[in-house]
Amino acid sequence: MKNINWSKYSKPIILVAFCVILTILRPTTFPTVSNIANVLWSVSVIGIMVCGTIFVFLVGGIDLSIATLCGFSAVVVVEVIHMFGDTTMGVFVGILAAIGVGALAGCVHGLIITTFNIPAFLVTFATQSVFLGLSMVITNNKIVSCTAPAAFTAIGSMKILGFPLPIYFMIVIAVLSWFVLRKTVFGRWIYAVGGNPAASEISGINVKRATILCYVFSGMTTAIGGIVLASMTRQAMAATGSGYTNDVITAGVIGGVSLLGGVGTVPGAIFGAVLMGLLNNGLNLLSVPSTHAGLVKGLVIIIAVGFDAMQHRDQSRKKSGFAFFKKKNA
Amino acid sequence: MKEMNQTTLRRLISVGLLAILIALFTAMVGAGSGKFLNAENLMAIVRDASVPGIIGVGVTYVIITSGIDLSTGSMIALVGMVMANVYAYTLLPIPVMILTGILAGLLCGFFNGFIVAKLEIPEFIGTLATMSVFRALAYIIAIKDANGVIMSQPMNVSQYAFLGSTIGGSSKGIPYVCVALVIFVVVGQIVLRYTRFGTNLYAVGANKKAATLSGINVERIRMMAFVITGFCTAVGAVFTTARLQSATTALGTDFEFSPIAAAVVGGVALSGGSGDVVGTLIGALFMATLENGVRKLDMNTAYQYVIKGVIIICVVMFDAVYKKRMDRIAKEKGAKEGLE
Amino acid sequence: MAENNVILEAKGIYKSFSGVSVLQDVHFSVDRGEVHALMGENGAGKSTLIKIITGVYSKDQGQIYWEGKPVEINNYQDCQKLGVACIYQELSVIPPLTVAQNVFLGREPRKAGKIIDYKKMNQMTQELIDKYEFPLKPTTVVDNLGIGQRQLIEILKGLSQNSKLLIMDEPTASLSGKEAEMLFKIINTLRKQGVSIIYISHRLEEVYMLSDRLTILRDGKNAALLEKHEIIPAKVIETMIGKVVDESSGSKKMLQSKGGDVRLDVRGLTDKTDRFRNISFQVHKGEILGFGGLIGAGRTELVRAIYGIDKPISGEVYLDGEKMVNPSPKKSIDMGIGFVPEDRRNHGFIPLLSTTKNVALTNYDILKKNGLAVSDKDELDMSKRAIQAIDIRPSDPDKQVGVMSGGNQQKVVLGKWLMRDLRLLIVDEPTAGIDVGAKDEIYSILEDLASKGVAVIVVTSDLQELLRVSHRILVMRKGDIVKEFKNEVVTQSMVLSAGQGVTEDKEAAE
């Protein structure tokens, strides 16, 4: 065994190293059952969302509206539950409504981006404001608490076999995303579209439709993240989900998803989510205020994307050579 | 003249949008009370447009090079906090404090420029990251009490606070910030239209390869645009803190959006290579009018967010369709006319 | 002729890429105030020579002289300093700026305080415009100009830097007829003003009309240097192809129409932007139909429309008698049409994905599925079959296609169509930039397909290739089919002449 491919094992090694470091630094608070549950809760919300947004990343897009869409869907589910008098029926309708809102938002994103050929960041940057405003209008810019019925609170707080319920949601969504991306024809199309849209079109793929569907799915998982968050905190407000845009993008990026499209896997994204969860938890245990965490997360994005950009640059330089002087035959 | 210049037409459209908005609010608000269209309120609108307008000068430069800067809001907070620290912990005179703040802004801008131009990180993601970095730094250096709880730092010494008021100090006078706005817009427009640097900004935004071939240092121009944005943002932060007479970590929470929205409405295309500072000024006035009108109508202020977002999308969609059309017309014309 | 009348001279230039010799002892010189045309078939070494002159490539051997003095040109800036300006097809004008701003970009005259002196700049531009009689105005924003006028701005830019030599690489390729006329007028004016021009073109009539001298390259060597009166179309064509017309197997062929029933029937197809018009032809089962003609003749646009990528404004396409309604690539694939695009890197494959995924891309309808999941095994099997059938190297099915050689990339692009039942295969420039060995393999794949009854359309600018694979040849010129060759002996020069619009008898070429 002279040549062990370390890069293959780098992800688990990083996770283990992270846990070991935190255990050494905080031997009494980190490796406890209740703290692990905290980590898992944090991981699950990011994980649920990143499993959807990875579709958007793969087709070369981005979603800057994650945080406010998450908040908006949290508001929708809670308001609908109140509308139905805090009944279990209301929970069902509320969940459907929130997911529907997410899907609709994603559909609008996808349609505008593909029809008008406008950069995704700009469209989602604008809709971010729209979702924030809608949440504020609906809630009158107040916190809406929701402590009943049990069917709702259970979503975020129930435990099965000692693990919080949201982690199961994450697993289900991750498996679904993994299956779609890894196993189905549609998944293969997505990688093709992200890698070379023009060649995909010529290969008979409906690039526009595939792109729109990616945004729809991303909107749906963002909404589910919002529902889980609302249930966990038993309340909803416009600011529910704030900070998640960065967390989700960071999770994707450190999980090996390229923002240039075409590269990334669900296990990678889940790894990113777990790392983000551990990072959030670790900073918390080390008494770093959550307001300061942005420094670490921001730098992580810069380093990870900078690294990705560097590799891309090297590769394209090697490949294209003097592409500039190549003639473009009309 | 067979047809109008694209730039002129786009300018007319943004002025038209502003006029329509003013007319709309005059009718809606004025119907009840006549509170909207008066000198005092119009001055208030200009004052509200000033800080986004000043920052908008830098943002316009960045967008003309086909970039974006999402970090200006957080930068305001960081610059504010840097000045608050100087204010609270040193005996340095106020002008030195202001200079320190401006230096901080320049550094922030330089950092943005570095990661975008040197590391080649896409602008929107790089400045999204620095948006949280700057905000976190503001929290880290914020003034805290004995228990580590963040306090807002009052900065009410009159040598500084006067910047937040009006010339002469009366409530009906012209605010200093408006004077600064005029200076920034005039200088910004002159630099853009009458210097090599300004021309280079357009060249970089429209066609990086061609710019390089013409001997333009593309990397340097892109960095400069970000550094200038840092400068403008720092000046914006000075006026904001002077007006509030304090610095808080929440400063500028809304400001990632305002200058970009102003630029987009004012006709600075995000694809780069078009638009100017005057356009952004019109856009900033549009946004300020919108906020003012919504307030005057006693509408839930949250509607602003919805309206702003929708307006940006509509303007951007319009620009996309319009650009496609103009490109096609240019092509067809070339094919038909050839010889004039 | 005194030595000082020569502005640029390249002597004994050698260049090879990874052992393959591209230029051998090439000599090229341009006189002051001369329009010197440079011609040659694809791959003859024209663009390599130009890239050496403009400093993009370094030469292996030889020396370049500028106004009689030896010079080293290591990058584009060096060549600009000497006074050489290159007008590329991809224009480098900045649309939001005015004509004057573009012309003086980076060299604007300034007043005190670093303020640009627009008055002076516009005046200087106007002077240039007047001197060379360009139909432009200094203050027009480039946004409002057509491609031809934009090209003039680039020429003006070169002239404003006192360029004495302009290099124009296929300048008329994207121009309309009227724009081209305007350009020719300008070129004549420039010549009178003492500006030298290297004019690279495939279009013989332009060269015939404009140039004072003509250098022809063939296989990386000087083939001829013709004076104005010696530029006779038939002779030029003969020289370009080589004197060995009759001996070389690839330069002459007895065409034999093959095939059975009509497979593809194209009736009156017309392009939206007039790149081809009223095109009608048929392809039979088992027939390889070659499309010859110059680059820009509308062949690529035509086959893209047949395959359903671009929408024509009128005309119909029938496949085995069935009309193709509302065509799209998806529908074409479903109906058994395959397509290998011209621009391999940008349209042909997904660089980041493996051979397996690229081969499978169009074939998921025939791959086995377990429920919704594609059978990985079946997918891999298909890839292995493709690798074996056409010898893709490296044979690792997981290899990223982006890092393979051009020939193997093309095999992957082609390979995916071999995995399904085709009725018609369209290939556009199938062997551009591919080494000889892979070329032969690709030809035998096409022949094999035809022998199985597939109709094949081959678009190629490589004359040898056209004669080698085609059973029948159609030649396009400026958007029309101008000539059909079938059941007759055809030579490269006959095809070339037809594509050039040169009327001559067959004898003249031989």
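**Domain and chain contacts in a predicted model**

Domain 1 of chain C and domain 2 of chain C bury about 1300 Å² between them, and carbon and sulfur atoms account for 60% of that area. The model is a predicted one. On the domain 1 side of this interface in chain C, α7 (204-210) and α8 (233-241) each supply at least two of the residues that touch domain 2. The element that gives the most to that side is α8(C), with six residues. Sorted by class, the side of domain 1 of chain C that touches domain 2 of chain C has seven nonpolar, two polar and four charged residues.

The counts across this boundary can be set beside the area. In chain C, 13 residues of domain 1 are in contact with 17 residues of domain 2. Between these two domains of chain C there are zero salt bridges. The number of residue pairs in polar contact across the interface of domain 1 and domain 2 of chain C, with both residues at pLDDT 80 or more, is also zero. Taken over C-alpha atoms, the centres of domain 1 and domain 2 of chain C are separated by 33 Å.

The wider division of the chain is as follows. Chain C is split into domain 1 (3-241), domain 2 (244-336 + 422-510) and domain 3 (347-420). Domain 2 of chain C is thus listed as two segments, 244-336 and 422-510.

One helix of chain C can be followed residue by residue. Helix α9 of chain C, residues 299-307, is mostly covered, with nine of its nine residues buried. The buried residues of α9(C) are C:R299, C:T300, C:E301, C:L302, C:V303, C:R304, C:A305, C:I306 and C:Y307. Just after α9(C) comes C:G308, which takes a positive phi of about 100 degrees.

The next interface lies between two chains. The size of an interface is often given as the accessible area lost when the parts come together. For chain A and chain B the buried area is about 3400 Å², of which carbon and sulfur atoms give 84%. On the chain A side, the residues that lose the most area to chain B are A:F121, A:F125 and A:I302, which together make up 17% of what that side buries. The contact draws on 36 residues from chain A and 40 residues from chain B.

Polar pairing between these chains can be counted too. Chain A and chain B have zero salt bridges between them, while three residue pairs, both residues at pLDDT 80 or more, are in polar contact across the interface of chain A and chain B. Four helices of chain A, α4 (88-116), α5 (120-139), α11 (244-254) and α13 (290-320), each supply at least two residues of the side that touches chain B. Of the elements on that side of chain A, α5(A) gives the most, with 14 residues. By class, the residues of chain A that touch chain B divide into 24 nonpolar, 11 polar and one charged.

A single residue of chain B completes the route. B:L251 is found in the loop between β2 (246-247) and α11 (257-265) of chain B. B:L251 counts as buried because its relative accessible area is 4%, and the cut-off for buried is under 20%. Beyond its neighbours within four places in sequence, B:L251 is in contact with B:G73, B:I76, B:A77, B:G80, B:R135, B:T240, B:T241 and B:L244. B:L251 and B:G73 are 178 residues apart along the chain, and their C-alpha atoms are separated by 7.4 Å.

Key. Residues numbered from 1 in each chain as written. Chains lettered and ligands numbered in written order. Predicted model: local features only at pLDDT ≥ 70, side-chain atom pairs only at ≥ 80, totals over all residues. Heavy atoms only, no water. Contact = heavy atoms within 4.5 Å. Buried area = accessible area lost by both parts, 1.4 Å probe. Salt bridge = Lys/Arg side-chain N within 4 Å of Asp/Glu carboxyl O. Polar contact = N/O pair within 3.5 Å; in protein donor to acceptor, adjacent residues only side chain to side chain. Nonpolar A, V, L, I, M, F, W, Y, C, P; charged D, E, K, R; others polar. Buried < 20%, exposed > 50% of the residue type's maximum accessible area, 1.4 Å probe, protein only. Domains from an automatic or database assignment.
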